[in-house]
Amino acid sequence: MALAAKKDIKKVVLAYSGGLDTSAIIPWLKENYQGCEVVAFCADVGQGEEELVGIKEKAIASGASECYVVDLKEEYVKDYIYPIIKTGAVYEGQYLLGTSMARPVIAKAHIEIALKVGADAVCHGCTGKGNDQVRFEACFAALAPQLTVIAPWREWDMVSREDLLDYLAERNIPCSASLTKIYSRDANAWHISHEGGELEDPWCEPSKEVWTMTVDPMDAPNEAGKVMLSFDKGELVAVDGEPMSAYQSLMYLNEKAAAHGVGRIDIVENRLVGMKSRGCYETPGGTVLMAAYKGLESLILDKESLKYRESVGHEFSHVIYDGRWFTPLAKAQLASAASFAEKVTGDVVVKLYKGMAQVTQRRSPNSLYSEAFATFGADDVYDQKHAEGFIRLFSLSSRITALKQADSVVTAKK
């Protein structure tokens, strides 16, 4: 990323959310990068219409010259979420990567706006403690290394919400934020994350107020729900028999799964910057989608192929968590997963019940499952006597090791 003196920055594009931090960043940029024009950029990745209402007006009122709101919902789901599902990536065994998988599409659009308006720099509101600063800046470096990156949280001397509110009040800049905010949340079409408040103590159980997207599993219906997902070459093409776009499918699954309390996790994860953090995540539709995809894979991929795909998923979970989407490594891993996905065609039924998403039915024209071979009844396609020779060869190295050890003992006794 390019370095430039403050006086050289004439126009900067800020990733703007309308929240407290970015509302303060706009006037701060104009004061500290004198003569600098600030353009606000807001990415719509499905965080909810209520977060976007009046956002252009807020940005202008804070001092931005203009505000671009870019609809990325379909692109996000189709070009980022779907390819990641094919890898099977789950970070540290639980986290479905909802925050990190949205960063590349946001960063790409951010750069596109910056180049469109002829900006010298891009700016984000990430803190110096979090993962997102790395994710965004790694993407910026890959896409437009000539642009300067400004990260106010690493420059200014404000350290609290009180400081930011006082800063805005002194300048008569309106902001709806207050000191009563307890949790830090980040939402998109795939999930919502919750941090802060009582969650900072890992011994403290999350209160009901933490969860906002899903029904408490204890309060979920006593009757199970079912949903059928249809895939063609690894792409979700229909839900419950209805063809839908990528984004529409996810919204449908979110609604059905959330009603049954599906998709809640409470984890302590290892951040990229070296510290641990505790967070609660809600990913209702994503939990169903991942379970369905893996359920169909189990029917189609042979043992060694599935083993390798699982290794790709494990490695890719770190690649996407660390913000390395626009790298040769990510490209190679995505291509590997996509090659396996060519066979992933068929239907899967997932049962939803009190927080659980369980695959109960699956079928595929590419299935390797054979009832004739797998049956416990009589069959004429598998001679069980053949297993003896296979086992002797499979365990040959263990047999040789044991015989060697026995010979050593006999020799020692002599």
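This is a short selection-by-selection tour of a predicted model.

**The whole chain**

Start with everything shown as cartoon. You should count 13 helices and 14 strands. Taken along the principal axes, the C-alpha atoms fill a box of roughly 85 × 60 × 45 Å. Of the 414 residues in the protein, 47% are buried. Switch on the surface and you are looking at about 20900 Å² of accessible area, with 54% of that belonging to carbon and sulfur atoms. As for how the chain meets itself, take the contacts with a separation of 6 or more: 75% of them are between residues 24 or more positions apart.

**Helix 2 and its buried face**

Now select residues 55-62, which is helix 2, and show Ile55, Ala59 and Ser62 as sticks; these residues are buried. Turn the view until you look down the helix axis: the buried residues fall within an arc of 65°, so they line one face of the helix. Keep in mind that an α-helix has 3.6 residues a turn, so residues three or four places apart point the same way. What lies over that face? Add helix 1 (20-32), strand 2 (37-44) and strand 3 (66-71), which are among the elements covering the buried residues of helix 2.

Stay on the helix and pick Lys58. Lys58 counts as partly exposed because its relative accessible area is 36%, between the 20% and 50% cut-offs. Draw a distance from its C-alpha atom to that of Ser23: the two are 7.9 Å apart, although 35 residues separate them along the chain. Then step just past the end of helix 2 to Gly63, where phi is positive, at about 120°.

**Two nonpolar cores**

Next, go inside. Which residues have the most contacts within the largest nonpolar core? Select Tyr76 and Leu229; they hold that place in a core of 78 residues. Centre on Tyr76 and leave out its neighbours within four places in sequence: its contacts then include Val45, Ile81, Met101, Val105 and Trp190. Gly98, Ala102, Asn188 and Ala189 are also on its contact list. There is a second core too, separate from this one, with 31 residues; to find it, select Ile25, Cys42, Ala64 and Cys123, which are among its members. In soluble globular proteins, nonpolar side chains tend to be buried together.

**A loop with two positive phi values**

Move to the loop between helix 3 (73-87) and helix 4 (103-117), and pick Glu92. Glu92 is not a glycine, yet its phi is positive, about 50°. Further along the loop between helix 3 and helix 4 is Leu97, another non-glycine residue with a positive phi, near 65°. Buried or partly exposed: which is each of them? Glu92 is partly exposed, with a relative accessible area of 34%, whereas Leu97 is buried at 0%.

**Ser249 in helix 7**

Jump to helix 7 (residues 246-258) and select Ser249. Ser249 is buried, its relative accessible area being 0%. Setting aside residues up to four places away in sequence, show what Ser249 touches: Tyr82, Leu236, Val239 and Met244.

**Last stop: a patch outside**

Finish on the surface by colouring Val134, Leu272, Val273 and Met275. They form a nonpolar patch, with about 250 Å² of accessible area together. Zoom in on Val273, in the loop between strand 11 (264-270) and strand 12 (276-282). Val273 is partly exposed, with a relative accessible area of 35%.

How values were computed: Residues are numbered from 1 along each chain as its sequence is written. This is a predicted model: local features need pLDDT of at least 70, side-chain atom pairs count only at pLDDT 80 or more; totals for chains, interfaces and linings use all residues. Side-chain values use heavy atoms; hydrogens and water are left out. Helices (H or I, at least four residues) and strands (E, at least two) are DSSP runs, numbered from the N terminus. Buried means under 20% relative accessible area, exposed over 50%, partly exposed in between (1.4 Å probe, protein chains only). Contact means heavy atoms within 4.5 Å. The arc is that of the directions from the helix axis to the C-beta atoms. A nonpolar core is a set of buried Ala, Val, Leu, Ile, Met, Phe, Trp, Tyr and Cys residues joined through side-chain atoms within 4.5 Å. Patches are made of residues with over 30% relative accessible area and no salt bridge: like charges are joined within 9 Å, nonpolar side chains (Val, Leu, Ile, Met, Phe, Trp, Tyr) within 5 Å. Accessible areas come from the Shrake-Rupley method with a 1.4 Å probe; for residues, only the protein chains shown count as cover. A salt bridge is a side-chain nitrogen of Lys or Arg within 4 Å of a carboxyl oxygen of Asp or Glu.
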